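Q: Hey, got a minute to walk through this one with me? I'd like to start at the metal site and then hop around a bit.

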Amino acid sequence: MKTVTINTLRELKEAGEKFSVLTCYDSTFSTRINEAGVEVMLVGDSLGMVLQGHDSTLPVTVEDIAYHTQAVKRGNQHALIMADLPFMSDSSLATLLENSASLMRAGAHLVKIEGDAWLAEGITQLSQRGIPVCAHLGLTPQTVNQLGGYKVQGRGDAGQALIDAAIKLEAAGASLLLLECVPTHIGEAVTRAVKCPVIGIGAGPKTDGQVLVLHDMLGITVGKTAKFVKNFMLEASSIPEALAAYHKEVKSGEFPAEEHCFK
Ligand code: KIV
Ligand code: NA
């Protein structure tokens with residue numbers, strides 16, 4: 001398989017082809033996820049919940065993400081590695097640049113940052129310095145306390161605001177967008193409104209790529225899982241088989257199905 005870059009993802013979007021993304025936090029899974037053909041691995045701050053046992057992503061540090069990015073890099077052959085900028089790692093422009101540099105030094109190929117239209121300045125500064133950025137919009141778990149819970153975003157007037165923010169952030173230099181927990185029609189509208197690839201989680205079947213948390217799709221997450229999650233172990237006899245089935249179903253458009261989406 002050819003090495004995946006942000007250009008590969010753009011070409012897939014232009015060709016109308018889907019791509020798959022999974023979170024990954026260690027070297028063994030990194031190798032297995034590569035073998036499944038998954039294009040992008042996200043070293044997500046979801047590790048605060050699934051690895052560290054916290055009840056939110058807020059306690060995760062840049063050092064935590066860097067440590068796991070190094071491990072994922074060691075197991076990687078050809079996938080694109082995206083690392084999350086954790087809570088408050090962008091508290092000033094200088095801090096944002098330095099923390100992003102740390103994640104790139106650890107082995108990331110791009111960083112992901114949560115926010116809204118106000119991310120524009122930071123995204124421009126990063127992309128000018130050679131750090132591609134994915135802007136995470138919609139449900140942004142780092143602001144769960146401000147949002148008042150993990151709820152569907154972009155309903156009503158907020159939908160147009162989300163589309164406008166996406167256009168603004170692409171113009172600012174964003175290489176990718178990620179939409180979490182938005183109605184299917186908003187996922188589709190954002191995906192059409194921008195040239196850069198859009199990854200969705202609970203954003204309907206029309207986004208260019210799909211992402212799930214590894215532990216969720218393997219059916220081992222402790223506690224409740226979201227509506228958008230599918231347990232790929234139910235019809236697999238091994239973890240590598242479940243990873244391959246996920247990739248195949250994203251590519252074919254079989255996942256996400258209606259039951260995983262928000263109206
Ligand atoms: O941290 C994470 O796993 C994420 C995905 C859920 C998009 O940001
Ligand atoms: Na995250």
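A: Sure, here is a quick tour of the metal site, two helix pairs and a few single residues.

Q: Before that, what am I looking at, and how is stuff numbered?
A: It is a predicted model, where local features need pLDDT of at least 70, side-chain atom pairs count only at pLDDT 80 or more, and totals for chains, interfaces and linings use all residues. Residues are numbered from 1 along each chain as its sequence is written, chains are lettered from A and ligands numbered from 1 in the order in which they are written, and side-chain values use heavy atoms, with hydrogens and water left out.

Q: Ok, which residues coordinate the sodium ion?
A: Asp45 and Asp84 do, each through OD, at 2.2 to 2.3 Å from the sodium ion (ligand 2). Donors here are N, O and S atoms within 2.8 Å of the metal (3.2 Å for Na, K and Ca), and water is not among the atoms, so the site may look incomplete.

Q: Where do aspartate 45 and aspartate 84 lie?
A: Aspartate 45 is in the loop between strand E2 (40-43) and helix H3 (47-50), while aspartate 84 is in strand E3 (residues 80-84), so the pair ties together parts that are 39 residues apart in sequence. Helices (H or I, at least four residues) and strands (E, at least two) are DSSP runs, numbered from the N terminus.

Q: Are those two aspartates buried or exposed?
A: Aspartate 45 is buried, and aspartate 84 is too. Buried means under 20% relative accessible area, exposed over 50%, and partly exposed in between, with a 1.4 Å probe and protein chains only.

Q: Switching to helices. How do H5 and H6 cross?
A: The axes of H5 (residues 93-106) and H6 (residues 120-128) come within 10 Å and cross at roughly 45°. That makes H5 oblique to H6, and the crossing is right-handed.

Q: Remind me of the conventions?
A: Axes are lines fitted to C-alpha atoms, for helices over the stretch in contact, and angles run from 0 to 180 degrees between N-to-C directions. Under 35 degrees is roughly parallel, over 145 roughly antiparallel, 65 to 115 roughly perpendicular, and the rest oblique. A crossing is left-handed if the near helix is turned anticlockwise from the far one by less than a right angle, and right-handed if clockwise.

Q: Which residues of H5 and H6 meet?
A: From H5 you get Leu93, Leu96, Leu97 and Ser100, and from H6 Glu121, Gly122, Gln125 and Leu126; contact means heavy atoms within 4.5 Å. By class, the contact of H5 with H6 has four nonpolar, three polar and one charged residues. Ala, Val, Leu, Ile, Met, Phe, Trp, Tyr, Cys and Pro count as nonpolar, Asp, Glu, Lys and Arg as charged, and the others, Gly among them, as polar.

Q: And what about H2 and H4, how do they cross?
A: The axes of H2 (residues 27-35) and H4 come within 7 Å and cross at roughly 45°. H2 is thus oblique to H4, with a right-handed crossing. Ser27, Ser30, Thr31 and Asn34 of H2 make the contact with Ala71, Val72, Arg74 and Gly75 of H4. The residues of that contact divide into two nonpolar, five polar and one charged.

Q: Any backbone oddities? Where's the cis peptide bond?
A: A cis peptide bond joins phenylalanine 255 and proline 256, with omega about 5°. Proline 256 sits in the segment after helix H11 (239-252).

Q: Which residues have a positive phi without being glycine?
A: Methionine 88 has one, at about 70°, and so does cysteine 181, at about 55°. Methionine 88 is in the loop between E3 and H5, and cysteine 181 in the loop between strand E6 (176-180) and helix H9 (184-193). Cysteine 181 is buried, with a relative accessible area of 6%.

Q: What does serine 89 touch?
A: Leaving aside its neighbours within four places in sequence, serine 89 is in contact with Val62, Thr95, Leu96 and Asn99. Serine 89 lies in the loop between E3 and H5 and counts as buried at 4% relative accessibility.

Q: Last one: where's proline 59?
A: Proline 59 is in the loop between H3 and helix H4 (62-75), and is partly exposed at 39% relative accessible area. Its C-alpha is 9.7 Å from that of glutamine 142, though the two are 83 residues apart in sequence.
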